[in-house]
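Dear colleague,

I am handing over the structure below, and after it you will find an account of what was found in it. Please read the two together.

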Amino acid sequence: EVTMMMELPSGGHADGRRQGDSYFQILGLSTEKPLVKINGHLFTGQFTDTLGSHLFLEVEEKPGAKATKDSSQRNSKQIKSVTVTNKYLKLEPVYLDPKKDAE
């Protein structure tokens with residue numbers, strides 16, 4: 001089991017907004033350029049070096065905290081560390097052209 005950070009291109013088809021059920025597939029993870037399919041959109045990946053590590057955090061409501069706009073309730077959320085990784089996969093979209101008939 002490996003935890004890694006994946007960077008999606010901005011303005012692409014998979015812009016991070018969840019629409020219904022989301023899914024992804026990774027093919028050739030042990031290769032130099034794995035293929036990633038996210039909700040039907042195809043990307044090619046390239047592993048890059050990181051400066052430091054990526055820290056994954058989880059934001060939770062504090063037990064018993066009320067969600068109000070009152071300034072005394074500003075600290076109603078709690079942040080906890082989930083995991084750390086130095087694996088980084090940068091993704092670029094793949095555009096397929098129709099196959100041309102050979103003459």
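**The hairpin and the sheet**

Strand 3 and strand 4 form a hairpin that leaves 2 residues between them, and in its turn Asn39 has a positive phi of about 50°. Strands, like helices, are DSSP runs numbered from the N terminus (E and at least two residues for strands, H or I and at least four residues for helices). This is a predicted model, in which local features need pLDDT of at least 70 and side-chain atom pairs count only at pLDDT 80 or more, while totals for chains, interfaces and linings use all residues. Residues are numbered from 1 along each chain as its sequence is written, and side-chain values use heavy atoms, with hydrogens and water left out.

To stay with the turn for a moment, Asn39 has its positive phi although it is not a glycine, and its place is in the loop between strand 3 and strand 4. Most residues other than glycine have a negative phi. Asn39 counts as partly exposed because its relative accessible area is 30%, where buried means under 20% relative accessible area, exposed over 50%, and partly exposed in between (1.4 Å probe, protein chains only).

The two strands of the hairpin pair in the antiparallel sense over 4 bridges, with strand 4 covering residues 41–47; two strands are taken to pair if DSSP finds at least two bridges between them. Ile38 has His41 in strand 4 as its bridge partner. On the other side of the hairpin's partners, the bridges continue as follows: strand 2 is joined to strand 3 by 4 bridges, the two running antiparallel, and strand 4 is joined to strand 7 by 5 bridges, also antiparallel. Thr44 has Glu92 in strand 7 as its bridge partner.

Taken together, these strands belong to an open sheet of 5 strands with the order 1-7-4-3-2 and mixed pairing. Strand 1 and strand 2 are the edge strands, each pairing on one side only. From one strand to the next the twist averages 30°, with axes taken as lines fitted to C-alpha atoms (for helices over the stretch in contact) and angles running from 0 to 180 degrees between N-to-C directions.

**The two edges**

Which residues of the edge strands can be described in more detail? Phe24 and Glu7 are set out here, the former in strand 2 (residues 24–27) and the latter in strand 1 (residues 5–7).

Phe24 stands opposite Ile38 in strand 3, and, leaving aside neighbours within four places in sequence, Phe24 is in contact with Lys37 and Ile38, contact meaning heavy atoms within 4.5 Å. The C-alpha atoms of Phe24 and Val36, which are 12 residues apart along the chain, are separated by 7.0 Å. Phe24 counts as exposed because its relative accessibility is 53%.

Glu7 is partly exposed, with a relative accessible area of 30%. Not counting residues up to four places away in sequence, Glu7 touches Tyr88, Leu89, Lys90 and Leu91; from Glu7 to Leu91 the C-alpha distance is 5.8 Å, although 84 residues separate them in sequence.

**Core and buried positions**

The largest nonpolar core has 6 residues, namely Met4, Val36, Ile38, Phe43, Leu89 and Leu91. Strand 3 (35–38) and strand 7 (88–93) are the elements that give two or more residues to this core. A nonpolar core is here a set of buried Ala, Val, Leu, Ile, Met, Phe, Trp, Tyr and Cys residues joined through side-chain atoms within 4.5 Å.

Thr85, in strand 6 (residues 77–85), counts as buried because its relative accessibility is 6%. Its side chain reaches the backbone nitrogen of Lys87 at 3.1 Å. Leaving aside neighbours within four places in sequence, Thr85 is in contact with Thr3, Met4, Met5, Ser53, His54 and Phe56.

**The chain as a whole**

The protein chain has 0 helices and 7 strands. Buried residues make up 13% of its 103 residues, and of the contacts with a separation of 6 or more, 58% are between residues 24 or more positions apart. The chain exposes about 8900 Å², of which carbon and sulfur atoms supply 49%, the accessible areas coming from the Shrake-Rupley method with a 1.4 Å probe (for residues, only the protein chains shown count as cover).

With best regards

Terms used:
A polar contact is a pair of N or O atoms within 3.5 Å; within protein, one must be able to donate a hydrogen and the other to accept it, and residues adjacent in sequence count only if both atoms are side-chain atoms.
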